[in-house]
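Biologist: I have a new model open and would like to go through it with you. Could you put it up on the screen?

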Amino acid sequence: APPESSSRPAKKGKEEKASDRVAPQSPSTASQPSNATIDQATYRIGLEAELQISVWREPELSLTVAVRPDGVITMPLLNDLHVVGLSPMELQTLLGEKLKEFVTEPQVTVIVRQIRSRKVYLVGEVGRQGVFALNANKTVLELLAEAGGLAPFAKAGSIYILRNQNGRQIRIPFDYKKAIAGRVSKENPMLEPGDVVVVP
């Protein structure tokens with residue numbers, strides 16, 4: 001009887017340790033399915049994205065950061081860096097160049113761990129307003145189709161996109177009729193994370 005009773009607490013201890021190991025892995029494993037749908041070659045870093053930055057043999061420079069609402073991350077030695085719009089590879093190159101002042105031949109790896117910012121917003125005279133996922137390349141027309149199209153009183157010639165670019169908001173006009181005609185591809189631009197499409 002005593003050996004059995006002493007072995008039971010040991011098993012419980014192992015179970016607790018196993019659960020402790022599983023817990024920190026769950027956020028990264030949960031993010032894998034969403035990241036799998038993203039083409040890493042074309043993905044552009046967006047607001048609130050969680051990035052894992054690793055610098056070989058430099059543990060103090062290796063960290064996980066979230067992109068702030070102003071599009072900036074903070075790195076040791078480098079302070080604030082604007083990263084929204086860059087691909088992971090472009091950010092690796094940028095960090096490698098900037099770290100040369102402090103590290104001999106820095107080898108940088110950037111991994112997108114979680115993508116929270118790949119969303120666009122649609123407001124105004126449409127079938128369904130709201131927040132829409134941007135898990136792949138999507139044009140304004142595709143977004144409008146997903147939302148059920150324009151409402152009867154929508155001003156098709158006055159639609160525009162609000163986009164944050166280099167820390168300021170710009171307004172991009174969108175001509176629905178020209179886009180429908182499909183004569184020029186630029187009339188139906190690709191959406192970027194955080195875009196707000198306004199249909200008056």
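Biologist: Which residues does N188 touch, not counting residues up to four places away in sequence?

Modeller: With those neighbours left out, N188 touches T139, V140, L141, F174 and A179, where contact means heavy atoms within 4.5 Å. Please keep in mind that this is a predicted model, in which local features need pLDDT of at least 70 and side-chain atom pairs count only at pLDDT 80 or more, while totals for chains, interfaces and linings use all residues. Residues are numbered from 1 along each chain as its sequence is written, and side-chain values use heavy atoms, with hydrogens and water left out.

Biologist: Where is N188 placed, and is N188 buried or exposed?

Modeller: N188 sits in the loop between helix 4 (176-181) and strand 10 (196-199); helices (H or I, at least four residues) and strands (E, at least two) are DSSP runs, numbered from the N terminus. N188 is buried, with a relative accessible area of 19%, given that buried means under 20% relative accessible area, exposed over 50%, and partly exposed in between (1.4 Å probe, protein chains only).

Biologist: What does the side chain of N188 reach at 3.1 Å?

Modeller: It reaches the backbone nitrogen of L141, and a polar contact of 3.2 Å also joins the side chains of N188 and T139. A polar contact is a pair of N or O atoms within 3.5 Å; within protein, one must be able to donate a hydrogen and the other to accept it, and residues adjacent in sequence count only if both atoms are side-chain atoms.

Biologist: F174 was in that contact list, so what stands opposite F174?

Modeller: I159 stands opposite F174, which is in strand 9. Strand 8 (residues 159-165) and strand 9 run antiparallel and are joined by seven bridges, and two strands pair if DSSP finds at least two bridges between them.

Biologist: What is the strand order in the open sheet of five strands?

Modeller: The order is 7-6-10-8-9, with mixed pairing. Strand 7 (130-133) and strand 9 (168-174) stand at the edges with a single partner strand each, so one side of each has no neighbour in the sheet.

Biologist: Changing topic, how is the sheet of three strands ordered?

Modeller: That open sheet has the order 2-1-5, and its pairing is antiparallel. Six bridges join strand 1 to strand 5, and E50 stands opposite Q114 in strand 5. Helix 2 packs on the sheet, touching strand 1 and strand 5, and its direction makes about 140 degrees with that of strand 5; axes are lines fitted to C-alpha atoms, for helices over the stretch in contact, and angles run from 0 to 180 degrees between N-to-C directions.

Biologist: And I111, is that one buried, exposed or partly exposed?

Modeller: I111, in strand 5, counts as partly exposed because its relative accessibility is 42%. Leaving aside neighbours within four places in sequence, I111 is in contact with E50, L51 and Q52, and its C-alpha atom is separated by 5.7 Å from that of L51, 60 residues apart along the chain.

Biologist: Which residues touch the most other members of the largest nonpolar core?

Modeller: Of its 22 residues, these are I45, L51, I53, I73 and L95; a nonpolar core is a set of buried Ala, Val, Leu, Ile, Met, Phe, Trp, Tyr and Cys residues joined through side-chain atoms within 4.5 Å. Strand 1 (50-55), strand 3 (72-75), helix 2 (88-99) and strand 5 (108-114) each supply at least two residues of this core. Apart from it lies another core, of 18 residues, among them L122, L143, A147 and L191.
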